Protein chains: 4
Amino acid sequence: MPKQTFFNLNSSKQNRIIDAAIAEFGAHPYLKTSINRIIKKADISKGSFYQYFNNKKDLYKYVIDQVSDAKMKFLGEKLQNYQQLEFFELLRELFIAGIQFRKNFPRYSEIGDRVLNSSNKDLKNELYAESKPKSNDFFEKLLLKAVQEGKIDPEIDIKFTAFMLTEFSVSIVNYFFETHDTDNVDEIMNYVDKMLYIMKNGIAKGDKNVTN
Amino acid sequence: MPKQTFFNLNSSKQNRIIDAAIAEFGAHPYLKTSINRIIKKADISKGSFYQYFNNKKDLYKYVIDQVSDAKMKFLGEKLQNYQQLEFFELLRELFIAGIQFRKNFPRYSEIGDRVLNSSNKDLKNELYAESKPKSNDFFEKLLLKAVQEGKIDPEIDIKFTAFMLTEFSVSIVNYFFETHDTDNVDEIMNYVDKMLYIMKNGIAKGDKNVTN
Amino acid sequence: MPKQTFFNLNSSKQNRIIDAAIAEFGAHPYLKTSINRIIKKADISKGSFYQYFNNKKDLYKYVIDQVSDAKMKFLGEKLQNYQQLEFFELLRELFIAGIQFRKNFPRYSEIGDRVLNSSNKDLKNELYAESKPKSNDFFEKLLLKAVQEGKIDPEIDIKFTAFMLTEFSVSIVNYFFETHDTDNVDEIMNYVDKMLYIMKNGIAKGDKNVTN
Amino acid sequence: MPKQTFFNLNSSKQNRIIDAAIAEFGAHPYLKTSINRIIKKADISKGSFYQYFNNKKDLYKYVIDQVSDAKMKFLGEKLQNYQQLEFFELLRELFIAGIQFRKNFPRYSEIGDRVLNSSNKDLKNELYAESKPKSNDFFEKLLLKAVQEGKIDPEIDIKFTAFMLTEFSVSIVNYFFETHDTDNVDEIMNYVDKMLYIMKNGIAKGDKNVTN
DNA sequence: CATGAATGAGGGTTCATTCAT
DNA sequence: TATGAATGAACCCTCATTCAT
């Protein structure tokens, strides 16, 4: 966590620092990330940086938290309107909202992608201790409710299925960008529906083979 | 590719170098990886290193290739015995073989994990140009055959489903190691079966809800 | 340009660095020039060096600029006393001043020679974008004035002639040091006069064959 | 000088080596020049190289000699046809021949330019001990003959004037390429004529101000 | 709370030359 | 005569962090 000194700063300066950090962490893999560039962009001194943060990782984790919170807030707001939806429709809206977030806050997503794809296990685990569960929890709650409402197969392992859904939300984006050069992220819904089709006919209770 | 000079070396020396590289690339994310440590461990001079390889990435890609080839060879041998199996049983044997490989060649797997999880997009794309497709192709062929034999739902997008399976083969291992401290990789089959259950009831044609 | 950090240093330290750089750049062709030697001589750390300068070329260009400015300042001061002189006498004084500069600041001249004789075209062009024109401009102005005053042949191409004079100011020194082992740079005036004789009877208007 | 072993090679192999060396020495400043690239291009082994030449400089000097000899031979042949010409016309033909050589053997000229512009004094002096005098001698002989025939001012210092002409032959080319982007080397004659005009009216005996 | 100079280990890479075969 | 593996010093440059002011 940042030191108290950081939070004592006026929010304009805080924002300058966070913005610079987001740009840097989004633009390079963590290990290539440079504090020098961050302080230069944020226009603060090196000494100040170390008065606000314990070290590079401290800032990194804080930024990830901010981004993660922003996404959860964004998704939460969207989903309030869909509480009455059936599980799979809600799931679909969730993916749509995720893609909207991506379009609205591309730099936030760059960081998210890097975190989820990072090969730095030690760092990743430290981060996952918080951030990944947030997503898993999200799906777990939805799944639990759907099971209780008799909408989906009670035989499934909820925790594991939540994990699968989280992995997919990342994988699909990866797949899309690995196989498409375009920026048209709407097309990605095509793959989301394919995935949902598979998931639905797999985990939905009874009445299989009915697509939607 | 390594230079010819590398292949001219006696195999004992080649092995010393590759072993040192595997250890290094398995122990650190690529960017933290050190040629100095590799040559020290392999007991060769810096000048020699650059007579064998063009640069660090050259060695890295070569090692990945070796590992990838070893895995494909290992899986290929295993699967020859199972050609007559039904699709989902074959799929299950495939995962079992993958886990066996992991147990038999733990250091190879460390590298494999790093590659698949790398956040260095440029490098990743360079490597994937070969390695990821290998896995995708594998699943694609199986899926195509199964569709032709009327074993699975012909509505699915084969390429995309192959991608999903590849992602799962990585994700499940990740999930296992994130949620378990033990080295007992056999327990992982529990998750494999859960995943297969979901996949099967999703993509298998007709007669849904029959587990096995 | 050096970074601001360099100019923030006390001048004693700045001088130590510049002196070390002058010695190094004067003693070796640019490509053989070593930052390691410079920082060792200047007694600063490698890290510090790169806090002051962007890279080796940055320092090099700065040193060249300093030397060039010093020479222009030196010549400018000398020439203020000779403004009323006739063109060829002024030209002669200019050469004398150049030689004096050489005697007074031998290490500056070593660098100057290297720059003018460098075979590194890319670097040279970058430097010449400023430094060579300084000399050419100098001669151009003198020539233009002399033409306007009717002292020299208006048929000549002023730019080209200025270039010739610049080249000579270098060549003559080269010639002298190639054919003499002595340090007695006064003797060089002998060649200057021979050159001026040729130039004069070539470009002076009318009344040729009158030496002085 | 190359070792005897080099001259024992069949001329095809000798040529391969010399051609590779010419390409390399023409493409980079001497210090950036790489034996590795030369042997690779010439398709000989490293060991062989050091059996043919004592070291890099040995090869370099030999190549320069070859190039220099080729130029002298080329000029010599041209000039046999012009022996009856008046001094300044001969001089002009000499420059034309020089430019022709440049056009016909561009790679030879690249090396020549690098040598004449080299900032590596030690190496340069070693080379000049032979090559530059060749050019100076050439002009000296012409000048001496012209003086004896009463064509030019006997007051001039022949050695020094020969040096000036040599410098000019280099400078003019430099000037041309610094001020022109085109490859049209014919245009260079414009500058040659300007230079000759200056030289002529300077060193020609009597009857000044008669251009041609 | 702010500053920014200082650090030095470490990074990857190049190179001409030697020498045993 | 031919080979090419081996060498290791030197190259330029980056970095996160410390600390005196």
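A residue counts as near a molecule or strand when one of its heavy atoms lies within 4 Å of it. With that in hand, let's walk through this structure, starting with the DNA. This is a predicted model, in which local features need pLDDT of at least 70 and side-chain atom pairs count only at pLDDT 80 or more, while totals for chains, interfaces and linings use all residues. Residues are numbered from 1 along each chain as its sequence is written, chains are lettered from A and ligands numbered from 1 in the order in which they are written, and side-chain values use heavy atoms, with hydrogens and water left out.

Take DNA strand E to begin with. It has 37 residues around it, and the closest are Asn8(A), Gly47(A), Thr5(C), Lys13(C) and Tyr52(C). Look at the atoms of DNA strand E within 4 Å of the protein: 51% belong to sugar or phosphate, and the rest to bases. Chain A shows both kinds of polar contact (a pair of N or O atoms within 3.5 Å; within protein, one must be able to donate a hydrogen and the other to accept it, and residues adjacent in sequence count only if both atoms are side-chain atoms). On the phosphate side, a polar side-chain atom of Asn8(A) sits 2.5 Å from a phosphate oxygen of the strand, and one of Lys13(A) sits 3.3 Å from a phosphate oxygen. On the base side, a polar side-chain atom of Gln51(A) is 2.9 Å from a base nitrogen.

Which helices help here? Helices are DSSP runs (H or I, at least four residues), and strands are E runs of at least two, numbered from the N terminus. At least two residues of the surface near DNA strand E come from each of α1 (4–8) and α4 of chains A and C, and from each of α3 (35–42) and α4 of chains B and D.

Now hop over to DNA strand F, which 36 residues surround; Thr5(B), Lys13(B), Ser48(B), Tyr52(B) and Lys46(C) are the closest. Sugar or phosphate accounts for 54% of its atoms within 4 Å of the protein, with bases making up the rest. A polar side-chain atom of Lys13(B) is 2.2 Å from a phosphate oxygen, and a side-chain N or O atom of Asn36(C) is 2.9 Å from a phosphate oxygen. For a base contact, try Gly47(B), which has a polar backbone atom 3.2 Å from a base nitrogen. The largest share of this surface, five residues, comes from α4(D).

Back in chain A, UniProt lists residues 34–53 as "DNA-binding region" in an unreviewed entry; its positions are given in the numbering used here, feature names are shortened, and annotations may be inferred rather than shown by experiment. This stretch is 75% helix and 0% strand, and its end C-alpha atoms are 14 Å apart.

Finally, see how two helices of chain A pack. The axes of α2 (residues 11–27) and α5 (residues 56–80) come within 10 Å and cross at roughly 95°; axes are lines fitted to C-alpha atoms, for helices over the stretch in contact, and angles run from 0 to 180 degrees between N-to-C directions. α2(A) and α5(A) are therefore roughly perpendicular to each other (65 to 115 degrees; under 35 is roughly parallel, over 145 roughly antiparallel, and the rest oblique). Ile18(A), Ala21(A), Ile22(A) and Phe25(A) of α2(A) make the contact with Lys56(A), Leu59(A), Tyr60(A), Tyr62(A) and Val63(A) of α5(A), contact meaning heavy atoms within 4.5 Å.
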